[in-house]
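Hi everyone, thanks for making time. I'd like to walk you through one model today, going from charged pairs to helices and then on to the sheet. Have a look at it first.

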Amino acid sequence: MTKTITFNELRKIKDSLPDGSTHRIADELGISVETVRNYFGGYNYREGKSCGIHIEPGPDGGVVVLDDTSILERAMQILAEVQESAEAPIA
């Protein structure tokens, strides 16, 4: 399934992730940390791989078409977990 978002939206998601999330996503999906970083706009292709991200210049950082949304979906799940824990009442 493909998804289209702006580059700035993609970076905002990455920047909102708690420390260690790129390592967590990489471990859970069985890919390298650099591949996860490349997904969010990095460009280290010696260590990581391309992961089906296509960026076209334009407003708001340009348009990003994601061929594979598994990294994005996992990042969104982590953000939801963070939000849930912040809303949980303190006992």
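Let's begin with a contact between Glu81 and Arg24: they form a salt bridge, with 2.9 Å between the closest N and O atoms. This pair joins distant parts of the chain, since Glu81 sits in helix H4 (residues 70–87) and Arg24 in helix H2, 57 residues apart. Please keep in mind that this is a predicted model.

How exposed are the two partners? Glu81 has a relative accessible area of 35%, so it is partly exposed. Arg24 is partly exposed as well, at 31%.

Now, Arg24 has another partner. Its side chain also meets that of Glu28 in a salt bridge, at 3.1 Å from N to O. Here both residues belong to helix H2 (residues 21–29), and they are four residues apart, about one turn of the helix. Glu28 is partly exposed too, with 43% relative accessibility.

Glu81 has a further contact of its own. Arg74 forms a salt bridge with Glu81, and the closest N and O atoms are 3.7 Å apart. That value still counts because the cut-off is 4 Å between a side-chain nitrogen of Lys or Arg and a carboxyl oxygen of Asp or Glu. Is Arg74 buried or exposed? Arg74 is buried, because its relative accessible area is 12% and the limit for buried is under 20%.

Put those contacts together and you get a network of salt bridges linking Arg24, Glu28, Arg74 and Glu81. For the whole structure, the search finds five salt bridges. As a general reminder, side chains of opposite charge can pair when their charged atoms come close.

So how do the two helices sit relative to each other? The axes of H2 and H4 come within 10 Å and cross at roughly 125°. At that angle H2 and H4 are oblique to each other, because angles between 115 and 145 degrees fall outside the perpendicular and antiparallel classes. The crossing of H2 and H4 is right-handed.

Next, the aromatic rings. How many aromatic pairs are there by the rule used here? The count comes to one aromatic pair. Tyr39 and Phe40 make up that pair, and it is edge-to-face, with 5.6 Å from centre to centre and 80° between the planes. Both rings belong to buried residues: Tyr39 has a relative accessible area of 1%, and Phe40 comes out at 0%.

Last stop, the sheet. Three strands form an open sheet in the order S1-S3-S2, with antiparallel pairing. Strand S1 (3–6) and S2 are at the edges with a single partner strand each, so one side of each has no neighbour in the sheet. From one strand to the next, the twist averages 20°.

Zooming in, strand S2 (residues 53–56) pairs with strand S3 (residues 63–66) in the antiparallel sense over four bridges. Within that pairing, Ile55 stands opposite Val64 in S3. The hairpin of S2 and S3 has six residues between the strands, and Asp60 there takes a positive phi near 60°.

If you take one picture home, let it be the salt-bridge network of Arg24, Glu28, Arg74 and Glu81, with the Glu81 to Arg24 pair linking helix H4 to helix H2. Thanks for listening, and I'm happy to chat afterwards.

How values were computed. Residues numbered from 1 in each chain as written. Predicted model: local features only at pLDDT ≥ 70, side-chain atom pairs only at ≥ 80, totals over all residues. Heavy atoms only, no water. Buried < 20%, exposed > 50% of the residue type's maximum accessible area, 1.4 Å probe, protein only. Phe/Tyr/Trp six-rings, centres within 6.5 Å; stacked < 30°, edge-to-face > 60°. Pairing = 2+ DSSP bridges. Axes fitted to C-alpha atoms, helices over the stretch in contact; angles between N-to-C directions. Parallel < 35°, antiparallel > 145°, perpendicular 65-115°, else oblique. Left-handed = near helix turned anticlockwise from the far one by under 90°.
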